[in-house]
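Q: I'd like to learn how to read charge pairs and nonpolar cores in a model. Can you walk me through this one?

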Amino acid sequence: MSISAPQCWILSDGTAGMEAQARGLAKAMGLETIVKTITPGKLLRMLPCLARLPGIPAASAGNTLGPPYPAIAITCGRRHAGASIALKRLSGGRVHTIHIQDPRISPDLFDTLVVPEHDPTRGPNVITTTGSLNRINDALLSQEADAFAAQVQHLPTSRIAVNLGGHTQQYAVDGPMAARISASLSALADSHGCGLMITTSRRTGARLMAALAPLATRADTVLWQGDGPNPYLGFLGLADAIIVTADSINMVSEACSTGKPVHLLPLGAESRRRAAFLQVILASGRARAFNGSLEIWDYTPLRETERVAGLLVTQLRNSGILA
């Protein structure tokens with residue numbers, strides 16, 4: 001998408017998942033972007049609507065949010081909602097604010113909201129998405145695959161990316177669950193003769209990490225435990241199929257963005273909103289429940305970032321914000 005791009009700010013506290021969504025959307029829109037690193041104030045994290053009041057700062061620390069202001073600002077996550085509202089006020093309404101994820105406040109406080117369809121907020125300025133935004137496309141997957149190919153060249157030619165989450169607010173991975181996950185992955189490698197490319201997350205936890213330790217000794221498995229560059233995207237690019245734990249909407253969305261068969265591995269109790277999302281993903285045919293074996297099928301990749309970017313560019317051109 002080629003456009004004449006104005007300056008765009010991304011307001012971020014450095015939270016990787018949220019900043020990645022904002023960066024991905026800005027890139028898909030073709031915007032020239034500056035990331036403004038901020039520390040959202042505790043008051044605005046709790047009550048973002050207060051940002052409308054004069055004198056309330058957009059952030060408690062970090063980069064200065066003063067003139068000259070950008071034409072567009074992108075934020076993600078409720079913790080940044082107050083900063084978006086404050087920036088709109090400080091700029092005298094000149095900044096077009098785009099907020100990703102449901103802030104659970106009136107959509108009228110933003111110019112555009114990009115909200116997962118499993119969340120409730122709706123309005124004329126709300127764009128709904130299936131799952132979360134990300135920056136995955138064919139070019140990125142190919143680039144990342146090339147960067148990490150040497151790490152897995154010794155594996156069997158049939159390779160499975162295994163993306164593991166962990167603890168959530170609803171569930172903590174216990175010993176028996178961790179043992180079952182490790183055993184099911186070992187059994188899969190044995191029965192299918194495939195190679196496993198496993199990545200963990202910050203939420204994986206000591207119990208699951210300990211249960212995975214025997215896998216690290218297998219010749220048909222590569223287990224990344226946080227040492228060195230993260231091969232997560234590279235493994236997605238190199239995989240023939242994907243197994244992902246169902247605890248993370250972001251990880252499931254990213255897996256389904258590849259166009260490769262996605263197998264969902266349950267990981268404890270699901271929240272109501274996550275269960276609603278998983279139901280949509282399963283019904284769409286993009287993912288199937290993992291039952292210990294692998295299946296191969298085709299589907300249209302989930303590329304919501306590209307779709308949303310197209311809608312936003314059209315809107316912003318029609319309003320004169322983009323040329």
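Q: How many salt bridges does the structure hold?

A: The general idea goes like this: side chains of opposite charge can pair when their charged atoms come close. In this predicted model, the structure holds twelve salt bridges.

Q: Let's take one. Which residue forms a salt bridge with K88?

A: That's D111, and the closest N and O atoms of the pair are 2.6 Å apart. Now check where each partner sits: K88 is in helix α3 (residues 81-90), while D111 is in the loop between β5 (96-100) and β6 (112-116). The two are 23 residues apart, so this bridge links distant parts of the chain.

Q: And are K88 and D111 buried or exposed?

A: In between, as it turns out. K88 has a relative accessible area of 21%, which makes it partly exposed, and D111 is partly exposed too, at 26%.

Q: Which parts does the pair of D119 and R273 tie together?

A: D119 lies in the loop between β6 and β7 (126-129) and R273 in helix α9, so the bridge ties together parts that are 154 residues apart in sequence. Their closest N and O atoms are 2.9 Å apart. D119 is buried, with a relative accessible area of 5%, whereas R273 is partly exposed at 35%.

Q: Where do R307 and E304 lie?

A: Both are in helix α10 (residues 304-318), three residues apart, which is about one turn of the helix. They form a salt bridge with the closest N and O atoms 2.8 Å apart. E304 is buried, at 10% relative accessible area, but R307 is partly exposed, at 36%.

Q: Which residues do salt bridges with shared partners join into one network?

A: D102, R104, D119 and R273.

Q: On to the nonpolar side. Which residues touch the most other members of the largest nonpolar core?

A: The idea is to look for buried nonpolar residues joined through their side-chain atoms. Here the largest core has 33 residues, and M197, L236, V244, V252 and V262 touch the most other members. Elements giving two or more residues to this core include α7 (232-238), β11 (241-245) and α8 (249-256). There's also another core apart from it, with 25 residues, among them V173, A178, C194 and I243.

Q: What is L236 in contact with, leaving aside neighbours within four places in sequence?

A: L236 is in contact with I136, L141, A161, N163, I242, T258 and K260.

How values were computed. Residues are numbered from 1 along each chain as its sequence is written. This is a predicted model: local features need pLDDT of at least 70, side-chain atom pairs count only at pLDDT 80 or more; totals for chains, interfaces and linings use all residues. Side-chain values use heavy atoms; hydrogens and water are left out. A nonpolar core is a set of buried Ala, Val, Leu, Ile, Met, Phe, Trp, Tyr and Cys residues joined through side-chain atoms within 4.5 Å. Buried means under 20% relative accessible area, exposed over 50%, partly exposed in between (1.4 Å probe, protein chains only). Helices (H or I, at least four residues) and strands (E, at least two) are DSSP runs, numbered from the N terminus. Contact means heavy atoms within 4.5 Å. A salt bridge is a side-chain nitrogen of Lys or Arg within 4 Å of a carboxyl oxygen of Asp or Glu.
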